[in-house]
Structure formats: C-alpha cells, structure tokens
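Grab a pencil and get the viewer ready. Have a go at each task before you peek at the solution.

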Amino acid sequence: MDDDNKDDDLYGILNERNIKEVQFGIDKRFPTWYGSNAYFSPDTNRLGYEEDFHTPVKNDVKTQYWLDTLYICEYCFKYTDVEADFVSHIPHCKYQFHAPGRIKYKSPSYTIKRVKGSRHRLFCQCLCLFTKLFLDNKSMYFKVDHYEFYVVYRTGEFKPMAFFSKDLVSYHQNNLACILTFPPYQRLRLGTLLLEFSYKLSTFDNLISGPELPLSPFGLISYLKYWSKVICWELVEGELANCEKLTIETIAKVTGIRIPDIILTMEYLKCLGNTHEIHLSVLRRRLKEFEHKSKELFLLKDEYLLLED
C-alpha cells in the first residue's frame, strides 16, 4: 500500500462520492457532497457500527456508490443503513427534548451550545463523521477529547443546524478548526453568526486569534468578508474612528483579528496607499455597501452572550 492510500484510510478521504444520499431526520433528504470511507469497515466496505446484522453494501460495478441511503438522526447523528432501525430510534433519541452541552449564547432566534468532546464523545464523533460528507478538508473524526463544538439551534428547539469546532491544544491558539452549516439550513447566515461568535470567545479570553490554517478557497472568501466588515466598521464608526495615529497592532487589539489577516484584508479592500496609509474613503464606501446588502451589519448581539462558566 502506498503512502497516499494510507492517508486515505486514516482520514476517510475518497476521490468520489460513495454514499448517494442522506436521510436526515424523518423529513429531510439530500445528496452528499464528498466521499468518505470513515463510516465503513476497511475490510468489508460495510457500515462499521455493527458486525453482522446490517445490510451488505451493493457490489454493483455500474455505480460508484457503496450505499444508496445513509439514515442519520438529526438530533444525535447516530446512523444506520436500515430504515426500520432508523424510524424506531427517532422517538427514543434522548436529545430530541434536551440537546447536549452548555448554553453560551441565547437570543430570541438562536441558541449556541458548547459541547465538550471529552464529555459527549459519541455525539461529537458522529457529528464529525456526518461533517466529512460535506467538507473536503475535514480530517478529525475520532479523537475528539481535546475539542469543543459550538452548535447552533433555533431557540426552543433541539435540531442542530450548524457548528464549528475548536482545538483546545492549538499551538497557535486558533479560535476555530472547522465550520459547517448543514445542507437544510443554508442561506440563513448561520456561518456568519458562528464566525462572529468565535471571535467573541477569543476576545473574552483576551486573545488575538483566528481560524486554523490553511483555509479552503470558500473559507477564505467567507473570512475576508467578515474581516472586511469588522475593520471597516471599527475604523469608520467604531472605537478607532477618531484615532489620530493608528497602528496595525492597535487594529488587532481592538478587533481581535491577527495581524497577517488584517494585512491580507486591507490588500483585499485596496485601501492602502503607496506609503501604507489607510484611505478611509475606501472603507466608508465599502461599509455603505455592507449596510446596503444586509439589514443587520452584525448578527450576534452582546446582550445574549453567556460566556462565563
């Protein structure tokens, strides 16, 4: 076996989709985006959750799929390939009336709960397995003890909608490892809400921080939009609006954004002059564009934060 194949076995990465669709809860069905062998036994290409009683994977040379439908509980992320087992599990899932973890943000619209991998290991492992079907760079799925997971719910409900993970032993003190909004909940700006929350966490701990690198192309676009919005607002209307002298270290301290990310964002905004002076007129124009596109510039409201343990 060559080294590339060893890596594929370790991280569950495949070059093509091998599960056709996910049945997510009773009423949601959608195609996977990426392939993953992490759900399967490496010896038999069958689901690895039990030894003898699950359905054999079809050995059909005409199809790329190892499994047509993977049934996943939308409360706890446990999975099966047997529809009857899935249907019988739903009424008895312990998380349908009480989600795991501690509430860290609660607005009238959304609640964010912190779920510790060391305490809710099975929930977090199953969440990571599910995530691998929708992120091409998701590698961690078994060793979750040193991670925290911040999961979004509609307030008063218990169906996870999106999450990000955070590595507690990160050498660079990253505030986010990976992030995903689940397919049924796209276009609700939940990713933006979680990015804002990740920086609230790091600034609460007096850290200048940022995401784990390297970012995917889509991740970089999302962060550039977020960083641009924060920097434009702080320099035009926020705490830095009336500063006579401004250093990049001051911007980092106020925003909580790392210096390399600030430099990258300013280059993206094209707001730096030949002698590295900041053109506020550019930032004002971009801020107006942000405000025109969204009713609310920032989704997260400080009064709903519950960061104290």
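Three short exercises follow, each with a worked solution.

This is a predicted model, where local features need pLDDT of at least 70, side-chain atom pairs count only at pLDDT 80 or more, and totals for chains, interfaces and linings use all residues. Residues are numbered from 1 along each chain as its sequence is written, and side-chain values use heavy atoms, with hydrogens and water left out.

**Exercise 1.** Work out how the axes of helix 5 and helix 7 cross.

Step 1: find helix 5 at residues 217-236 and helix 7 at residues 259-269; helices are DSSP runs of H or I with at least four residues, and strands are E runs of at least two, numbered from the N terminus.

Step 2: the axes, lines fitted to C-alpha atoms over the stretch in contact, come within 9 Å and cross at roughly 85 degrees. Angles run from 0 to 180 degrees between N-to-C directions.

Step 3: roughly perpendicular covers 65 to 115 degrees, so helix 5 and helix 7 fit that label.

**Exercise 2.** Find the partners of strand 7.

Step 1: strand 6 (residues 110-116) pairs antiparallel with strand 7 over seven bridges; pairing takes at least two DSSP bridges. Here threonine 111 has tyrosine 153 as its bridge partner.

Step 2: strand 8 (residues 162-167) is also antiparallel to strand 7, through six bridges. Look for valine 152 opposite alanine 162.

**Exercise 3.** Is strand 7 largely enclosed or open?

Solution: seven of the eight residues of strand 7 (residues 147-154) are buried (under 20% relative accessible area, 1.4 Å probe, protein chains only), so strand 7 is largely enclosed by the rest of the structure.

Note on methods:
Angles under 35 degrees count as roughly parallel, over 145 as roughly antiparallel, 65 to 115 as roughly perpendicular and the rest as oblique. Buried means under 20% relative accessible area, exposed over 50%, partly exposed in between (1.4 Å probe, protein chains only).
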